[in-house]
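Here are my notes on this model, kept short. Please read them with the structure open.

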Amino acid sequence: MTISSIRSFLVLLGALFLSVLAGSAQTRLAATPPMGWNSWNHFAEHVTDADVRSAADMLVSTGMRDAGYVYVNLDDTWQGKRDAQGVLHPNERFPDMKALADYIHSKGLKFGIYSSPGAKTCGGYEGSLGHEDQDAQMYAAWGVDFLKYDLCSMQGDMRKLKAEQPNNPDDEYKLMIDAYRKMGKALQATGRPILYSLCQYGMDQPWKWGPGVGAQMWRTTDDIDDTYNRMMLIASAQAGLAKYAGPGHWNDPDMLEIGNGHMSYDEYKTHMTLWVLLAAPLLAGNDLSKMSEPDKGLLMNKEAIAIDQDPLGKQGDRVWQSGDFSVWTKPLSGGRTAVGFINSAADQRDFAVDLAEIGFPKGASLHDVWSGRDLGRRSGRFNQTIPRHGVALFIFSK
Ligand code: GAL
């Protein structure tokens, strides 16, 4: 071996070591699915600095922070105009972003913000196109800990490219991936750990390229709304995606609607059950100053949250379906399994399933998560009565 080949070998080894280190830092940013609150589902385009500060206060006073909800994420519509140097200023509803970040941090919480790889956000505000490094540096200077990066107007750019170059279908895809990668690199170059969340509505399988552009999570579908049908449609679309999730990289079936008032208690219970089985990021989307006790009980149930946050980092999947009845399971640490029974029928139903058919030929010891009761050992046929649009959630130990 010559001196120069030894030197090249050592340089390569060093680069490999650094990339492993960087990779693990990226993983540590979201070793378990991120948890917090986001302004969009309730406040949408009306959100103000006062609303975000109040959400931070309420995360603390309700116990949500201590239950794990630490990100305070300001979604779209905070942006004002860029000045002659290209610096983006917040609009009049956000007088001082650094002060807002400091306030959030003083409560032991983290601050999230929103932008788009396109020229405009979905709300028609300024996006980051052409200003990626500048914006990332500004976020870091403010003390931002999380960026949601929403495709929005870049979809138009992609369509335009497709019309111009119909024979090169890969070009529009490359335009989008390059744009997401550019911001991923810009965030990493700030030296501040900023969790990178892609919002691309699940087109073009972001679970396959998300980790490669530096993201810790990516939306898998279009937007959720506060209806049972939409929530269930999104949940069903997660079947088969489990293998793409793990520590540092999560599928995101969108934010929670619990507490926004248009689903029944059982429907919200189904929403929480499915999201924890899916190891989904848990981003509450309600007005925290008006949380009912039942909604608090769902959002802050310790055992349900522990399923979502289990250190094994496995996403659950649908293992059984028959008509309006489905069974989802999620492997947990310690050889346990979380098992959810979902009744999507519009009336109460009695269901029976042979435990052997869902992976427990010798039966299991059952713990009912929502009632907190141990049910002892069960095997063979297991019968339950589940309310309309309701659910049962168990931890099975073999
Ligand atoms: C949508 C996104 C929503 C919200 C909204 C803001 O594209 O999916 O979660 O961020 O834009 O305009």
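**Notes on the ligand site and the sheet**

1. The shell around the ligand splits into six nonpolar, one polar and six charged residues. Keep in mind that this is a predicted model.

2. Which residues come nearest to the ligand? Of the 13 around the ligand, they are D75, D76, K148, D150 and D223.

3. Look next at the polar contacts. The side chain of D76 places an N or O atom 2.8 Å from an oxygen atom of the ligand. For K148, a polar side-chain atom also lies 2.8 Å from a ligand oxygen. R219 has a side-chain N or O atom 3.2 Å from an oxygen atom of the ligand. Taken alone, the ligand exposes 310 Å², and the protein buries 94% of that.

4. Now the sheet. Eight strands form an open sheet with parallel pairing. The order is β9-β8-β7-β6-β5-β2-β1-β10. At the edges are β9 (250-252) and β10 (282-284), each of which pairs on one side only. From one strand to the next, the twist averages 25°.

5. Strands β6 (residues 146-150) and β7 (residues 195-199) pair in the parallel sense over five bridges. D150 has C199 in β7 as its bridge partner. D150 is also among the residues that come nearest to the ligand.

6. What packs on the sheet? Helix α3 (residues 49-61) does, touching β1 (35-38) and β2 (71-73). The direction of α3 makes about 160° with that of β2.

Key
Residues are numbered from 1 along each chain as its sequence is written. This is a predicted model: local features need pLDDT of at least 70, side-chain atom pairs count only at pLDDT 80 or more; totals for chains, interfaces and linings use all residues. Side-chain values use heavy atoms; hydrogens and water are left out. A residue is near a molecule or strand if one of its heavy atoms lies within 4 Å of it. A polar contact is a pair of N or O atoms within 3.5 Å; within protein, one must be able to donate a hydrogen and the other to accept it, and residues adjacent in sequence count only if both atoms are side-chain atoms. Accessible areas come from the Shrake-Rupley method with a 1.4 Å probe; for residues, only the protein chains shown count as cover. Ala, Val, Leu, Ile, Met, Phe, Trp, Tyr, Cys and Pro count as nonpolar, Asp, Glu, Lys and Arg as charged, and the others, Gly among them, as polar. Two strands pair if DSSP finds at least two bridges between them. Helices (H or I, at least four residues) and strands (E, at least two) are DSSP runs, numbered from the N terminus. Axes are lines fitted to C-alpha atoms, for helices over the stretch in contact, and angles run from 0 to 180 degrees between N-to-C directions. Contact means heavy atoms within 4.5 Å.
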